[in-house]
Amino acid sequence: MAKTLMELKQDQYDIGKTLENINAQLQEETASVEEGSVEKMKALQEKKANWQAKYDEMSRQVAEAEKQQKERLTPKKEPVQIDPKDKKNHAFAELVRKTMDKEAVPSDIYEALGDNDTTGGNKFLPKTVSTDIISEPVENNPLRDISTVTQIPNLEIPRLSFTLDDDSFIEDTDTAKEIEAKGDTVSFTRNKFKVMVGMSETVLLGSDANLTSYVEQGLQNGVTVKERSVAFNPAPTKDAEKHMSFYDPSNNIKHVTGTDLYDAITNAIADLHEAYRENATIVMAQKDYLKIIKTLANGSATLYSAQPQSVLGKPVVFTDAAVKPIIGDFSYSHYNYDINTLYDQDKDIKTGINRFVVTAWMDHRIKLANAFRIADVATPSK
């Protein structure tokens with residue numbers, strides 16, 4: 001049975017006293033001139049060495065027992081847990097501050113944000129972590145919830161998500177013709193754009209959470225506006241953006257007409273091939289929907305409380321950017337971002353406002369024009 005600390009200390013004391021007595025005897029024999037004192041001195045030296053070894057070992061055991069007792073009596077401190085959100089806020093705030101000061105951003109900051117290209121983890125925009133600062137309203141791109149969004153460099157994908165071995169799936173002749181004309185793969189290009197977030201010195205020098213919230217919200221707003229504007233641009237002038245717009249004639253999206261907007265939308269739904277009709281969504285401006293309700297209600301308030309899907313027969317997504325209703329399977333609308341993102345800074349000398357600038361590359365592809373229809377009101381014949 002293991003001895004207690006008190007028992008070990010008593011043994012250490014007893015051994016120590018014995019060692020003291022041997023030392024005293026050794027001193028006497030060393031000074032003695034009697035015959036045989038040398039032999040006695042050597043015997044005492046050997047005895048002293050043995051008891052010294054016992055004392056040293058006992059001292060070690062006492063020290064070990066004291067350490068164990070101290071550990072038992074000392075309350076254990078739980079390791080400090082760093083909130084992942086606080087860690088991410090600090091990293092993003094440091095990225096902004098380093099960029100604004102024109103200093104190199106350490107690699108550990110990128111790693112904390114998941115922006116390590118070596119692992120393929122470059123996140124273009126981490127989601128907002130705080131709303132402590134009052135900023136402009138968050139913009140909305142309704143296509144974000146129904147379109148495909150990826151972040152793959154040099155992306156190439158098939159136009160159809162699957163085919164059968166005898167190609168009997170492509171019963172829609174218009175789809176077959178489109179694939180024959182455009183090829184069976186879609187290649188995404190890199191189209192550069194910049195998002196600039198202006199901030200004062202007080203924001204820049206403020207807390208990590210406030211700075212992160214303010215900058216991220218501004219970046220998200222800018223990216224959202226860009227995504228929405230290229231997809232719903234009624235008349236894009238830049239050649240690089242024409243293929244991104246549902247309304248550009250070069251995409252050959254079929255216009256379906258009707259005597260009024262309700263008639264045009266229902267005709268467009270019916271005109272879709274059933275492979276696309278089944279997953280179709282209507283994207284339109286709310287003012288156009290209210291015109292339809294006003295016409296259909298004919299003075300009754302019942303339709304105003306009805307769900308848009310029950311009125312038009314398909315899920316409805318509202319955005320004022322849709323100058324004409326677009327009906328189709330929006331999984332064939334695809335945004336792709338290049339993982340490379342550049343950070344820079346600028347300053348307006350007149351106002352003293354600093355700008356955090358993000359340069360990114362994005363493309364929007366309508367993978368199959370035949371998966372969509374544009375509803376249009378027929379012009380009355382004269």
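Select strand 9 (residues 333-337) together with strand 11: the two pair in the antiparallel sense over five bridges. The model on screen is predicted. Within this pairing, look at Asn 336, which stands opposite Asp 363 in strand 11.

**Strand 11 and its other partners**

Keep strand 11 selected and add strand 10 (residues 342-348). These two also pair in the antiparallel sense, here over seven bridges. Pick Asp 346 to find one of the matched positions; its bridge partner in strand 11 is Arg 355.

Now move to the turn. Strand 10 and strand 11 form a hairpin with four residues between the strands. Select Gly 352 in this hairpin and check its backbone: Gly 352 takes a positive phi near 75°.

Next, add strand 4 (residues 191-199). Nine bridges join strand 4 to strand 11, and the two run antiparallel. Zoom in on Lys 192, which stands opposite Trp 361 in strand 11.

With these strands displayed, is strand 11 largely enclosed or open? Show the rest of the structure around residues 353-366 to see. Twelve of the 14 residues of strand 11 are buried, so the strand is largely enclosed by the rest of the structure.

**Arg 97 in helix 3**

Leave the strands and select helix 3 (residues 84-100), where Arg 97 lies. Is the Arg 97 residue buried or exposed? Its relative accessible area is 17%, and the cut-off for buried is under 20%, so Arg 97 counts as buried.

Display the side chains of Arg 97 and Asp 208, which are joined by a polar contact of 2.8 Å. Then show what else surrounds the arginine. Leaving aside neighbours within four places in sequence, Arg 97 is in contact with Leu 204, Leu 205, Gly 206, Ser 207, Asp 208 and Leu 211. Asp 208 therefore appears both in this contact list and as the polar partner of Arg 97, with Arg 97 itself buried.

**Helix 9 against helix 11**

For the last stop, select helix 9 (residues 261-271) and helix 11 (residues 286-297). They pack at an angle of about 110°, with their axes 9 Å apart. That angle makes helix 9 roughly perpendicular to helix 11.

Which residues meet where the two helices pack? Show Leu 261, Tyr 262 and Ile 265 in helix 9, which meet Asp 288, Ile 292 and Leu 296 in helix 11. By class, this contact has five nonpolar residues, no polar ones and one charged residue.

Notes: Residues numbered from 1 in each chain as written. Predicted model: local features only at pLDDT ≥ 70, side-chain atom pairs only at ≥ 80, totals over all residues. Heavy atoms only, no water. Buried < 20%, exposed > 50% of the residue type's maximum accessible area, 1.4 Å probe, protein only. Polar contact = N/O pair within 3.5 Å; in protein donor to acceptor, adjacent residues only side chain to side chain. Contact = heavy atoms within 4.5 Å. Pairing = 2+ DSSP bridges. Axes fitted to C-alpha atoms, helices over the stretch in contact; angles between N-to-C directions. Parallel < 35°, antiparallel > 145°, perpendicular 65-115°, else oblique. Nonpolar A, V, L, I, M, F, W, Y, C, P; charged D, E, K, R; others polar.
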